[in-house]
Amino acid sequence: MLGGNSSTLAFTNSLLPEGRTIVARLVPVAVTPIDTAVGDTWQSVGIAPDDLLHWIDRTFPAEDESAFVAQLHDLDLLARVGWSAPLPANLHEAELINVDDLPPDVVEAIESGPVPIVPCALCRRLCVRGDFRWGERELCAWDYHHQVFGRRGPWRNGAYDERHYETLPRCGFVAPTLLEELGVEILASFYDCEEELVRSLIGEILDAGRERSHIAVRVDSGFVVLRERE
C-alpha cells in the first residue's frame, strides 16, 4: 500500500517499471459515521520511478489529517531490489506486506470486502451504493439524515396504517451521532424479529405517544423508530 486518505487508497503490486512507469492502482474509499468501506473498482495510474516518493507526498500530503503513507525508506529498499508480486483479484490483509502502515478502520474495510461506491447526489462525498437512497438519488449518510430525518422529513403523529409500511424510509443504518445534531432520538429498535409482531408493537408504542412526532425506518434486518426530542 503506497498511501491513502478519506477518499482513496493507492497500491502497487510491483516496483519494477513497466516501460518507463510504475503502475499504481487507485481504489475509492467511503467513510461513513460508523465505518469505512473500500470500493470494488480500480483506476490505474502511471508514475515515473524517480517521481514515486514525490507523487505519494503530493497525493497524500501531511496536512491532510486523514492521510497515511507507506514507510518511504521501505519503499526505497523494495524499489532497489526490484520487488514484484502477482496482481491480486481483490485486496486482502494477507497480501499487504505493509499492513502495519494502515489505520485499523482501513484494514477492517479491506477484510470486509469490496463494495460498490458512488458519489452523493448532493455533496459528491463518496458513499456505499444502496445504503442511503432517497427517491432516485444516492445520498451519503449525512445528507440522507438531514433530508429524511430533518424538520422537513416524513414526520407523523399516531400509529401507522398498514399501507404506510410500504413507503417507509429505507436505509442501511441510522447513525446516533447524526440524529443528535438534528434533535432526534431513537425511540425503539427491532432486529431479526417477525415483521407482523414488530408492526403491532410499533403501532402500540406510537398510538400511546400521539403528542410526539415520529418516523419509522426500515434498516438492514429490522426497524428503527425515531422521535423528535421535546
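This is a short tour of the pockets, nonpolar cores and salt bridges in a predicted model.

**Stop 1: the largest pocket**

Start by selecting Met1, Thr12, Trp83, Glu95 and Ile97, which lie nearest the centre of the largest pocket. Its volume is about 310 Å³, and 22 residues line it. Color those by type and you should find 14 nonpolar, five polar and three charged. Now show helix α2, residues 72-80: with three residues, α2 supplies the largest share of this lining.

**Stop 2: the second largest pocket**

Next comes a pocket of about 240 Å³, the second largest. To centre your view on it, pick Asp35, Thr36, Ala37, Ser112 and Val128, the closest to its centre among 16 lining residues. Two elements, β4 (36-38) and α3 (104-112), each give two or more residues to the lining. The top contributor is α3, with four. Here the lining divides into six nonpolar, five polar and five charged residues.

**Stop 3: the nonpolar cores**

Select Phe149, Cys171, Val174, Ile202, Val217 and Leu226 and show their side chains. These residues have the most contacts inside the largest nonpolar core, which has 34 residues. Elements supplying at least two residues each to this core include α5 (176-182), β11 (184-191), α6 (195-207) and β13 (222-228). A separate core of 14 residues lies apart from it; Leu9, Phe11, Leu102 and Val107 are among its members.

Back in the largest core, zoom in on Leu226. Which residues does Leu226 touch, leaving aside those up to four places away in sequence? Among them are Phe149, Trp155, Val174, Leu179, Ile186 and Val217, along with Glu185.

**Stop 4: the salt bridges**

Keep Glu185 selected, and add Arg212 and Arg227. Glu185 forms a salt bridge with Arg212, the closest N and O atoms being 3.1 Å apart. Arg212 sits in the loop between α6 and β12 and Glu185 in strand β11, so this pair ties together parts 27 residues apart in sequence. Glu185 also pairs with Arg227, at 3.0 Å between the closest N and O atoms. That second bridge links strand β11 to strand β13, across 42 residues. Is each arginine buried or partly exposed? Arg212 is buried, at 13% relative accessible area, while Arg227 counts as partly exposed at 23%.

Now move to Glu138 and Arg133, whose closest N and O atoms are 2.5 Å apart in a salt bridge. Glu138 counts as buried at 13% relative accessibility, whereas Arg133 is partly exposed at 43%.

The structure holds 12 salt bridges in total.

Definitions and conventions
Residues are numbered from 1 along each chain as its sequence is written. This is a predicted model: local features need pLDDT of at least 70, side-chain atom pairs count only at pLDDT 80 or more; totals for chains, interfaces and linings use all residues. Side-chain values use heavy atoms; hydrogens and water are left out. On a 1 Å grid over the protein atoms alone, a cavity is a set of points where a 1.4 Å probe fits but cannot get out, and a pocket is an open set with protein on both sides within 12 Å along at least five of seven lines; lining residues have an atom within 4 Å of a point. Grid points are joined across faces, edges and corners, and a volume is the space filled by probe spheres set on the points. Ala, Val, Leu, Ile, Met, Phe, Trp, Tyr, Cys and Pro count as nonpolar, Asp, Glu, Lys and Arg as charged, and the others, Gly among them, as polar. A nonpolar core is a set of buried Ala, Val, Leu, Ile, Met, Phe, Trp, Tyr and Cys residues joined through side-chain atoms within 4.5 Å. Buried means under 20% relative accessible area, exposed over 50%, partly exposed in between (1.4 Å probe, protein chains only). Contact means heavy atoms within 4.5 Å. A salt bridge is a side-chain nitrogen of Lys or Arg within 4 Å of a carboxyl oxygen of Asp or Glu.
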